[in-house]
Amino acid sequence: MNRIKSMIVVFAAALLAVSCDKETPVVEYLDVTPNNISGQWQLVKWNGSDLSEGSYFYMDLVRKETKFTIYQNFDSMADMPHVVTGEFSIETDAELGAVISGMYDHDEGFWAHKYIVRNLTKDSMEWIASDDPSFVQEFVRVSEIPTSIKQ
């Protein structure tokens, strides 16, 4: 009888050990602050779809001055990036959460949308247009913006 009890205890311990190995990793979400979103980001999905081949959009967000630089070729030739600069701000809305907005330099005006920033981690974030929830952009953090694009 003791032998059966010992085998049951060993079997239970083995099951417990196996179940612990398959834990889902915990995702650490960050507060949306200029410090936490500061850095270089690449747009990887627009409304659930990957960018078309040859298209790119990189953004450099600078925390201290709350300034941004965007390098993109959506409205220019593929080998000629369109570079725009400006300032951004982050506000907290009681219903929406963190909302980022921006203003372009050189009299280009405000961004077309204000964006709700969601699912911010150290490596990724999602922006949803506050006036059009179907307009979703997914960004990943990059170590640097390619030099060939910055020239």
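In this predicted model, Ile37 is in contact with Val32, Leu61, Phe88, Ile90, Ile100, Leu120, Met125 and Arg141, leaving aside its neighbours within four places in sequence. Ile37 also belongs to the largest nonpolar core, a set of 22 residues in which Ile37, Met59, Leu61, Ile100, Met125, Trp127 and Phe139 touch the most other members. Two or more residues of this core come from each of strand 1 (39-46), strand 3 (57-62), strand 4 (67-72), strand 5 (82-93), strand 6 (97-104), strand 8 (115-118), strand 9 (124-129) and strand 10 (132-141). A second core, separate from the first, has six residues, among them Tyr58, Val142, Ile145 and Ile149.

**Strand 9 and its partners**

Strand 9 is mostly covered, with five of its six residues buried. On one side of the pairing, strand 8 runs antiparallel to strand 9 and is joined to it by four bridges. These two strands form a hairpin with five residues between them, and Asn119 in the turn has a positive phi of about 55°. Strand 10 is likewise antiparallel to strand 9, here through six bridges, and the hairpin formed by strand 9 and strand 10 has two residues between the strands.

Trp127 takes part in both pairings. Val117 has Trp127 as its bridge partner in strand 9, while Gln137 in strand 10 stands opposite Trp127. Trp127 is also one of the core residues that touch the most other members.

**Positive phi in loops**

Two further residues that are not glycine have positive phi values, as listed below.

| Residue | Phi | Location | Relative accessible area |
|---|---|---|---|
| Asn47 | near 55° | loop between strand 1 and strand 2 (49-50) | 39% |
| Thr66 | about 45° | loop between strand 3 and strand 4 | 24% |

Asn47 counts as partly exposed because its relative accessible area of 39% falls between the limits of 20% for buried and 50% for exposed. Thr66, at 24% relative accessibility, is partly exposed as well.

**Aromatic residues**

The structure contains 12 aromatic pairs. One of them, formed by Phe68 and Trp111, is edge-to-face, with 5.3 Å centre to centre and 65° between the planes. This pair links distant parts of the chain: Phe68 lies in strand 4 and Trp111 in the loop between strand 7 (109-110) and strand 8, 43 residues apart. Both rings belong to buried residues: the relative accessible area is 2% for Phe68 and 9% for Trp111. Each value is under 20%, so Phe68 and Trp111 meet the limit for burial.

Phe68 and Trp111 are also members of one aromatic cluster, which is formed by Trp46, Phe57, Phe68, Phe74, Tyr104, Trp111, Tyr115, Trp127, Phe135 and Phe139. Trp127 and Phe139, both in this cluster, are likewise among the core residues that touch the most other members.

**The largest pocket**

The volume of the largest pocket is about 360 Å³. Its lining is made up of 19 residues, and Phe57, Ile70, Tyr104, Tyr115 and Gln137 lie nearest its centre. Of these, Phe57, Tyr104 and Tyr115 also appear in the aromatic cluster, whereas Gln137 is the residue of strand 10 that stands opposite Trp127. At least two lining residues are supplied by each of strand 3, strand 4, strand 5 and strand 10. The most is given by strand 10, with three residues.

Note on methods: Residues numbered from 1 in each chain as written. Predicted model: local features only at pLDDT ≥ 70, side-chain atom pairs only at ≥ 80, totals over all residues. Heavy atoms only, no water. Core = buried A, V, L, I, M, F, W, Y, C linked by side-chain atoms within 4.5 Å. Buried < 20%, exposed > 50% of the residue type's maximum accessible area, 1.4 Å probe, protein only. Contact = heavy atoms within 4.5 Å. Pairing = 2+ DSSP bridges. Phe/Tyr/Trp six-rings, centres within 6.5 Å; stacked < 30°, edge-to-face > 60°. 1 Å grid on protein atoms, 1.4 Å probe; cavity = no way out; pocket = protein on both sides within 12 Å on 5 of 7 lines; lining within 4 Å. Points joined across faces, edges and corners; volume = space filled by probe spheres on them.
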